[in-house]
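Here's a friendly walk through one protein chain, for anyone seeing it for the first time. Have a look at the sequence and the model, then read on.

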Amino acid sequence: MSGRRVGRPDGGSGISHDTAAIHVRRMSAGGPALLALAACLAVGAVGAAGADVPYGTPLQTGGGSPAPIEPGAADLDVNRTAFPAASLVDFSYLLSPPAGKHGFLGLTDDGHFVFEDGTPVRFWGINVAKDSVFQSKSVIDAAVSAIARAGFNLVRLHHLDDVTGLLPPGQVREGTRIDPQKLDAVDYWISRLRAKGIYVYLDLLAYRTFRQWEGVPGGERLGRGAKPYAVFDDRLIELQQQYAAELLVRHVNPYTGLSYAEDPGVCLVELCDENGLLHRSAVPGELIEPYRSALRARWNAWLRERYEGTSELRRAWGSELGSDESLERGTVRLVAAPEGPDAGPCEAREAAFCEFAVATHRAYFARMRDFLRGNGVRVPITAVGRPGRLADVRAVAAELDFVGTNFYWDHPFYPAGRQWQLPALYRNENEVASTGVETLVPATAVSKVAGKPLVVREWNACWPNKYRSTAILAAAAYGNLQRHDGMILFTFDTRESAKKLSFFDVRRDPARWGLVGLAAKCFLEGDVRPARRTAFVAWSNADTLSQRALPRWRSDAWRLDDIYDVGWACGVSNVFAGHQVLSEAAVLAVPGSFRPAGQRATHAVFFKPADAGRSALSVPELLNGWGYDLTLRGASPQRFAFDGVLYDAGDERHMAATAGFSLHEVKAQGYVPIGRGMAAPICYGFYDPGRGNFVFGRLPWREAVRMTLDALGTVPGESVSHKLSDGGTFISATGELRRDERSGVFTIDSPFFQAIGGALDARDQLRTSQIALSSQSSIGTFCAASLDGKPLSKSRHYVMKMVSFAINSGERKRLHARQHGRAIYALTDVGEPPVQTLGRAAVKPTSVFLSGRPLFEVFMANGSWELVREQEAFFVFCDTPGMRFFIHELPGRLAIARYGVDGAVQRHETKQPAVYPASTLCLKITHGHAALKTGQAGT
């Protein structure tokens, strides 16, 4: 591990050992309860003791610089080579081989990953799944080399337990259930990754099919992963333990001489993949026997512990309890809706079942965790139920070491009954121009828990969405802003047959694979700063249960997720009941019935969501719980005048308020009105200066986000306000990230990393503080990164790259339908190789300006290109032969070395604009001799 990275204007570093002391919380048997957040919730805890967070969070990286480019060593053409390079730059310098040299992975006191020797780490990873794992050694070698060159420091080996993997049907040989030949491939992967400095994340239960002969009644009928049976049936849990012991403990990897449990290069373990009673596919009433009866018996026993009998249960549930159901006889059904045309919603019943599911999951997690710890597994453990489901997130955080979640933009979906059959449906929407819970930050932040690492263990923007390239850099940038502990792209297909674009595989996709190395640099070197402060979203147990357990039951569930839009601007994390909240805590957003433990909160925004369901408490009940005794007045929708809080001073807004606070009563108690009614003596909300709290009745989510930002601005030393979310634009509090929903353009603007992506035809010229881009491509992503530790404007070693989109030859799509004003498209034919980027000559160039001076021009629309500067030499790659280009840093004639795909090197001189020839790996370009003789060397 090398020392401090130099060249930062703020004196910060990318890598440092002289930070504040780090206490490594080692993994031990016994469940880690939800943490008391004295440190996490104190003002400034998200930064460095409240100071400015320097560029480059201390990370475990190689600590060096990129090696000089070997022009003939990397082929970027996705159609020409089995494992194309992601860039001309070799980003393996980010790695620190061998994996495991810093000891076993643990946790810091504030809930981030750290190695035994105190080295902090975050993971930029990629999934290798199912049949892609079980390949020849030569294929594994080539794949590992490509993954390392792209800068990934972790691989998640996923779906190992499929019938085509480690657990084929009928496999029992010398007491082992695991196929030894397939296990040899896993061993080899781990050894080769370890040598490169790449860590391994292992799944246990993902695709396994349980068998009747294993003592599992109807095992084959349970489906892959036995969802949700595997989390509550004793025999299934015993078989999971047997498999875990055989795989992790008893087996010794012949290539390393270590069991997986003894190998610190195997750094994370996942118990189960998207399983449990709250998963989308889990409908308890549809379980097969004998499991349905067993679960119902457990459900009735759980209810009997909480209610004295049927009469008390009926008083709690009312008409939701059927007349034929009896707690004494054990006949209370598994969350079945009452029958009859007048039957109402099953809110109390559903919440009770959700609480039962959480208890069941926690028991399963604790049982598996204690078994693994007792057998010597030392690394952090997680499980994944329903990603983004607060109740499941709470259960995982209560019992396990880190939280895992997913993010997919434009995941394909299918007509009923035709899952994974064409036509595949998709929306083709620009994620940057979209709002709501499906977008990157809200979709991941809903799973973030204060005091626990968060790993986005599957994420992607799926083909054939045309805007997918932007997500690669956005994931790295917002992962940095939010201090996510791992981002693991899904997926890397190693099969020889995978020669065309597919929904998830990135290896053959120039629009995604072409940016992963630059994204690795951004994420692992901390080129985007983390947020200095975090808004903690506080949920009571009742709040977490108010999300419907299953979407099939009702569709008008609370939309709890929208508050996480605040994360586009600042840090955001969840706090659950039982967390300690200090009086000097950072901002709490309280959209429900959370009550701070033991004392009143400060810097909090209290409100009831405007679209909250009937299960939520009334506003007066909430106000009393928060410590406020005020009367609400009825109010028709009217105009309110604002004075700078929530909206700008002098701004008048028509608000659909159903109730307001008496202006006289608010003033009488010493509070400051927020939004004064223009037709009645009421106010929209009020500020309590004594405690620093902001209090509202009902508040729409978008306004709750604005108010949370304003509240964050009241923390000493902060300049955050609702202006960061004005006009359909979110700007990060660091000033480095900008997401413009109106134009559909996303930018990264840090001294060392610049990017512009999305709808590039939104303006004639797109800008950051250092870059101006005029694009002939309507869709795509441009980025530029310094490679010498100097700000980009002063760097003489940098990389610039631009990608657009890609299609398969002959792929076919059509408009399928319009739904609520949104188009749905159908992919009817996936097409065939070769992959096309549709690059074509353009009359006007795509032009790049750096710090106001022209730098590079290419007369092309669509396609992909890359430019690397190494002092006085430039390297150029273009996937579209015949394109003209101009390097303004090299005026006059150019000396060009052409590196051909046949290994030959041809040298010549030419005037500008030069032309990119066919069958070329890349060009190395310097000043021509004529230019040097005439004194036109340039700068």
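## A buried valine to begin with

Let's start with V745, which is buried, its relative accessible area being just 4%. Keep in mind that this is a predicted model. V745 sits in strand β27, a stretch covering residues 745-749.

What does V745 touch, once neighbours within four places in sequence are set aside? The list runs to V432, R738, R739, D740, I756, G757, A759, A762 and L766. As for T729, it is 16 residues from V745 along the chain, and the C-alpha atoms of the two are 9.7 Å apart.

## The whole chain

Stepping back, the chain has 939 residues, and 62% of them count as buried. It contains 15 helices and 45 strands. Among contacts with a separation of 6 or more, 70% are between residues 24 or more positions apart.

What about the outside? About 32,600 Å² of the chain is exposed, and 50% of that comes from carbon and sulfur atoms.

## A strand wrapped on both sides

Now for strand β40, residues 873-878. Six of its six residues are buried, so the strand is largely enclosed by the rest of the structure. In a regular strand, side chains alternate between the two faces of the sheet. Here both faces of β40 are covered: one side has A873, F875 and F877, the other has F874, V876 and C878, and all of these are buried.

Which strands pair with β40? One is β39 (residues 865-870), which runs antiparallel to β40 and is joined to it by six bridges. Another is β45 (residues 920-927), also antiparallel, with three bridges. F875 has a partner in each: V868 stands opposite F875 on the β39 side, while K924 is its bridge partner in β45. The hairpin of β39 and β40 has two residues between the strands, and there Q871 takes a positive phi near 55°.

## R208, E214 and R177

Next, a group of charged residues. R208 lies in the loop between β5 (199-205) and α3 (234-250). Is R208 buried or exposed? It counts as buried, at 3% relative accessibility. Leaving out residues up to four places away in sequence, R208 touches a number of others, including D161, L167, R177, E214 and Y243. With E214 there is a polar contact between the side chains, at 2.8 Å.

E214 also meets R177 in a salt bridge, 3.0 Å from N to O. That pair links distant parts of the chain: E214 is in the loop between β5 and α3, R177 is in the loop between β4 (154-158) and α2 (180-196), and they are 37 residues apart. E214 is buried at 6% relative accessibility, and R177 is buried too, at 10%.

## More salt bridges

How many salt bridges does the structure hold? There are 57. One of them joins D509 to R468, with the closest N and O atoms 2.7 Å apart. This pair also connects distant parts of the chain, 41 residues apart: D509 is in the loop between β13 (486-489) and α10 (510-524), and R468 is in the loop between β12 (454-461) and α9 (469-481). D509 is buried at 0% relative accessibility, and R468 is buried at 1%.

R80 and D77 also meet in a salt bridge, at 3.5 Å from N to O. Here R80 is partly exposed at 34%, and D77 is partly exposed at 22%. Finally, there's a network of salt bridges linking R156, D203, E270, D273, E274, R457 and E458.

Conventions: Residues are numbered from 1 along each chain as its sequence is written. This is a predicted model: local features need pLDDT of at least 70, side-chain atom pairs count only at pLDDT 80 or more; totals for chains, interfaces and linings use all residues. Side-chain values use heavy atoms; hydrogens and water are left out. Buried means under 20% relative accessible area, exposed over 50%, partly exposed in between (1.4 Å probe, protein chains only). Helices (H or I, at least four residues) and strands (E, at least two) are DSSP runs, numbered from the N terminus. Two strands pair if DSSP finds at least two bridges between them. Contact means heavy atoms within 4.5 Å. Accessible areas come from the Shrake-Rupley method with a 1.4 Å probe; for residues, only the protein chains shown count as cover. A polar contact is a pair of N or O atoms within 3.5 Å; within protein, one must be able to donate a hydrogen and the other to accept it, and residues adjacent in sequence count only if both atoms are side-chain atoms. A salt bridge is a side-chain nitrogen of Lys or Arg within 4 Å of a carboxyl oxygen of Asp or Glu.
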